[in-house]
Amino acid sequence: SFLLLIVPCALKRNLSSEQVRADFIALGLSEEKASYFAEQWKVNSPTLTRLAVGQTLMINQLIDMEWKFGVTAGSSELEKVGSIFLQVNLPHHRVQLVGQLRNKLQPELTLPQFYSFLHEMERVKTSLESFS
Amino acid sequence: MAALRDGDFAALQILLKAPSKDAVRQLCQECFSSPPAALGPLAQRAGPGLAVSAEEAEQLVSALHNLTRHVVYRGLSRAEDILCLFPESFHQNLKNLLTKIILDNISAWRNEAQASQISLPRLVDMDWRVDIKTSSDSIVRMAVPTCLLQLKIQEDAALCGNNPVVSALTMELSKETLDTMLEGLGRIRDQLSAVANK
């Protein structure tokens with residue numbers, strides 16, 4: 001109850017363990033207990049920070065990528081085709097006004113499009129890594 | 001896809017009334033490209049030029065449609081294969097002309113058939129952006145890179161006619177999600193190479 005208020009507040013304001021200790025003393029805790037809590041804060045804040053970041057708003061978060069590729073063997077207009085198709089399924093969260101709907105998107109890609117997509121995603125990875 | 005029928009070759013000989021070889025060529029192309037539903041109007045347009053009745057024009061257009069589509073369906077690419085479709089009694093010069101026209105157009109027609117195949121929605125464009133998240137309501141300071149990916153998907157072109165429906169979706173990917181996705185894409189690439197090398 002009390003702690004549930006302190007922790008998010010400390011996270012939001014990015015408090016150091018020294019500041020947490022000072023706050024606890026100001027709230028009436030003994031020095032010993034305040035130091036103990038400050039120590040716990042120091043140890044656990046990276047995890048708590050990560051959790052808070054994880055709760056940050058995401059737009060239509062991609063959940064998964066499913067794929068299949070195959071060969072189009074024939075069609076009503078061509079007895080023998082033999083062309084490769086790649087079908088990708090990208091389940092993602094889609095925020096609606098009422099609740100959240102899990103929505104699916106299933107585009108088909110040609111081979112050149114696939115290689116281009118792979119190339120672009122590798123560029124994104126390089127970009128994300130340079131900012132980490 | 002309609003198959004070649006017995007009466008088709010008789011109807012094809014109506015082409016002997018065509019004003020020129022170019023007219024025949026033009027008609028062949030139109031008959032191939034036209035979907036079955038549009039053959040009626042095509043016959044009405046072609047009839048006057050050939051000085052034939054409406055009924056004869058319809059039979060001709062239908063026959064030409066069937067012949068060209070049949071050749072493309074079977075993937076016939078040699079003159080001999082196409083020539084032997086015609087009955088013995090068929091007019092020699094017309095047979096040679098039609099075979100030549102078909103051979104000239106076969107690869108373009110094949111591409112046309114392949115392009116208009118039924119398909120699932122197609123990816124038409126893809127854009128991305130990398131943002132750095134600096135704060136949020138749950139944490140005041142951070143530096144978290146994230147990727148926004150926008151895919152433009154077009155519904156089956158054949159269903160939409162001249163107004164294809166394109167929908168755009170923007171999704172967000174964390175670094176972890178991206179890594180997983182790249183892993184999956186890499187596996188696809190490996191499988192494609194394995195198939196290509198067989």
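Biologist: How much area is buried between chain B and chain A?
Modeller: About 5,300 Å², with carbon and sulfur atoms giving 69% of that. Buried area here is the accessible area (1.4 Å probe) that the two parts lose on being put together, summed over both. Keep in mind that this is a predicted model, where local features need pLDDT of at least 70, side-chain atom pairs count only at pLDDT 80 or more, and totals for chains, interfaces and linings use all residues. Side-chain values use heavy atoms, with hydrogens and water left out, residues are numbered from 1 along each chain as its sequence is written, and chains are lettered from A in the order in which they are written.

Biologist: Which three residues supply the most on the chain B side?
Modeller: Tyr73(B), Glu172(B) and Leu192(B), which supply 11% of the area that chain B buries against chain A.

Biologist: And how many residues are in contact?
Modeller: 54 of chain B with 55 of chain A, where contact means heavy atoms within 4.5 Å.

Biologist: Any salt bridges? How many between the chains?
Modeller: Five, each a side-chain nitrogen of Lys or Arg within 4 Å of a carboxyl oxygen of Asp or Glu. Lys175(B) and Glu129(A) form a salt bridge through their side chains, at 3.9 Å from N to O.

Biologist: Which element gives the largest share of the side of chain B that touches chain A?
Modeller: H8(B), with 14 residues. Helices (H or I, at least four residues) and strands (E, at least two) are DSSP runs, numbered from the N terminus.

Biologist: What's the mix of residue classes on that side of chain B?
Modeller: 31 nonpolar, 11 polar and 12 charged. Ala, Val, Leu, Ile, Met, Phe, Trp, Tyr, Cys and Pro count as nonpolar, Asp, Glu, Lys and Arg as charged, and the others, Gly among them, as polar.

Biologist: Switching to pockets: what volume does the largest one have?
Modeller: About 830 Å³. A pocket is an open set of points on a 1 Å grid over the protein atoms alone, where a 1.4 Å probe fits, with protein on both sides within 12 Å along at least five of seven lines; lining residues have an atom within 4 Å of a point.

Biologist: Which residues are closest to its centre?
Modeller: Of the 30 that line the largest pocket, Ala113(B), Gln114(B), Ser116(B), Gln117(B) and Ile118(B). The largest share of the lining, four residues, comes from H6(B).

Biologist: And the second largest pocket, how much space lies in there?
Modeller: About 230 Å³. Its lining has 13 residues, with Val53(A), Val144(B), Pro145(B), Ser174(B) and Glu176(B) nearest the centre.

Technical notes
Points joined across faces, edges and corners; volume = space filled by probe spheres on them.
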